[in-house]
Amino acid sequence: METEGARTDRLGLLLDQFDQAREAAQVRLTGLGDEEYLWEPVAGCWSIRRRGEAATPRAYGPGKWVLDRGAPDIPANEYAEIARQAAGGMTVAKIADDWSVSVERVEQVLAHTGAPEPDETPVTTIAWRLGHLHSCFAGQWEWTFGERRQEPQLLVDFTPSADSALERFWALIDRWRDSVGAVTDEQLDTVGFSQYPYGSDPDDPFIGVLAGANREFIHHMAEIALLRDLWRAGFTTPR
């Protein structure tokens with residue numbers, strides 16, 4: 001059903017939200033240069049780094065450059081997602097397996113104890129945010145519309161070139177959008193239509209997966225926009 005050109009069906013609402021966010025993000029990323037892309041506003045940032053120079057214990061990627069990834073934990077900004085997973089029927093053991101943490105850690109989060117201190121959440125570069133999004137969407141496409149066999153962490157060849165990263169990213173995003181646009185109502189309601197192994201996708205109806213993917217895209221692009229604002233304003237670390 002449409003009203004004056006605006007879609008009001010379930011898929012249409014999610015597609016319109018995604019399209020608007022994508023358009024705004026592409027405008028905000030216009031003119032991104034390599035130095036800004038790799039800029040580390042504070043010490044200890046997560047970014048992309050040459051293999052062998054990674055600052056984190058579980059950095060990943062198939063090529064010469066890898067994406068920082070820390071020791072297994074559940075960041076404070078994901079506590080609400082853990083509660084949602086538990087409320088949706090996922091067992092504590094399954095949640096722990098998805099996040100690669102102990103059952104005790106999940107129980108702590110669900111009891112609102114053991115929260116990390118604010119300075120334990122890393123600041124990340126634009127390169128990291130963009131690489132993280134690229135990796136997530138590439139993995140979800142492969143495990144939803146693809147062959148469902150390739151390891152998600154080996155799908156994106158990370159690069160220190162902002163132009164190359166953006167060219168590859170937008171191509172992947174367009175492929176995701178085209179595939180999602182062809183999803184049927186029945187598929188929207190199918191639990192496990194996406195079998196993406198890092199998260200709750202196999203346990204969720206696909207409409208929930210799409211809503212989560214939109215949220216992931218929007219919030220990381222908002223963070224990238226803020227980093228661009230700080231760069232443009234000549235931000236330096238306070239002494």
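Asp201 is buried and yet has no salt bridge: Arg84, the nearest side chain of opposite charge, is 7.0 Å away. Keep in mind that this is a predicted model, so everything below is read from computed coordinates.

**Around Asp201**

Where does Asp201 sit? Its place is in the loop between α8 (185–188) and α9. What does its side chain touch, if there is no salt bridge? One polar contact goes to the side chain of Gln140, at 2.8 Å. Another goes to the side chain of Ser194, at 2.9 Å. Setting aside neighbours within four places in sequence, the residues in contact with Asp201 are Gln140, Gly192, Ser194, Tyr196 and Val209.

**Helix α6**

Helix α6 covers residues 126–142, which is 17 residues. From its first C-alpha to its last, α6 reaches 24 Å, close to the 24 Å expected at 1.5 Å a residue. Is α6 enclosed or open to the outside? It is largely enclosed by the rest of the structure, because 17 of its 17 residues are buried.

**Helix α3 and its two sides**

Now to α3, residues 79–87, where the buried residues are Tyr79, Glu81, Ile82 and Gln85. These cover an arc of only 160 degrees around the axis, so they lie on the same side of α3. Ala80 and Ala87 are exposed, on the other side of the helix. As for what the buried residues of α3 pack against, the partners are α4 (92–99), α5 (103–110) and α9 (206–232). Just past the end of α3 comes Gly89, with a positive phi of about 105 degrees.

**Salt bridges**

How many salt bridges are there by the rule that a side-chain nitrogen of Lys or Arg lies within 4 Å of a carboxyl oxygen of Asp or Glu? The count comes to 15. Here are three of them, with the distance between the closest N and O atoms.

| Positive residue | Negative residue | N to O distance |
|---|---|---|
| Arg177 | Asp19 | 2.7 Å |
| Arg228 | Glu36 | 2.8 Å |
| Arg84 | Asp204 | 3.5 Å |

Take Arg177 and Asp19, whose side chains meet in a salt bridge. This pair links distant parts of the chain, with Arg177 in helix α7 and Asp19 in helix α1 (residues 10–29), 158 residues apart. Arg177 counts as partly exposed at 25% relative accessibility, and Asp19 is partly exposed too, with a relative accessible area of 28%.

Then there is the salt bridge between Arg228 and Glu36. Arg228 lies in helix α9 and Glu36 in helix α2 (residues 34–37), so the pair ties together parts that are 192 residues apart in sequence. Are these two buried or exposed? Arg228 is buried, with a relative accessible area of 11%, and Glu36 counts as buried at 6% relative accessibility.

The remaining row of the table is the salt bridge between Asp204 and Arg84. Asp204 is in the loop between α8 and α9 and Arg84 is in helix α3, so this pair ties together parts that are 120 residues apart in sequence. At 13% relative accessibility Asp204 counts as buried, while Arg84, at 37%, counts as partly exposed. The pair belongs to a wider arrangement: Glu81, Arg84, Asp204 and Arg215 are linked in a network of salt bridges. Arg84 is also the residue named at the start, 7.0 Å from Asp201.

**Two loop residues**

Arg148 has its place in the loop between α6 and α7 (162–181). What is worth a look in its backbone? Its phi is near 55 degrees, a positive value in a residue other than glycine. Most residues other than glycine have a negative phi. Arg148 counts as partly exposed, at 30% relative accessibility.

Gly52 is in another loop, the one between β3 (48–50) and β4 (65–67). It counts as exposed because its relative accessibility is 77%, and the cut-off for exposed is over 50%. The C-alpha atoms of Gly52 and Arg149 are separated by 27 Å, and the two residues are 97 apart along the chain.

Key: Residues numbered from 1 in each chain as written. Predicted model: local features only at pLDDT ≥ 70, side-chain atom pairs only at ≥ 80, totals over all residues. Heavy atoms only, no water. Helix = DSSP H or I, 4+ residues; strand = E, 2+ residues; numbered from the N terminus. Expected span 1.5 Å × (residues − 1). Buried < 20%, exposed > 50% of the residue type's maximum accessible area, 1.4 Å probe, protein only. Arc of directions from axis to C-beta. Contact = heavy atoms within 4.5 Å. Lys, Arg positive; Asp, Glu negative; His and termini not counted. Polar contact = N/O pair within 3.5 Å; in protein donor to acceptor, adjacent residues only side chain to side chain.
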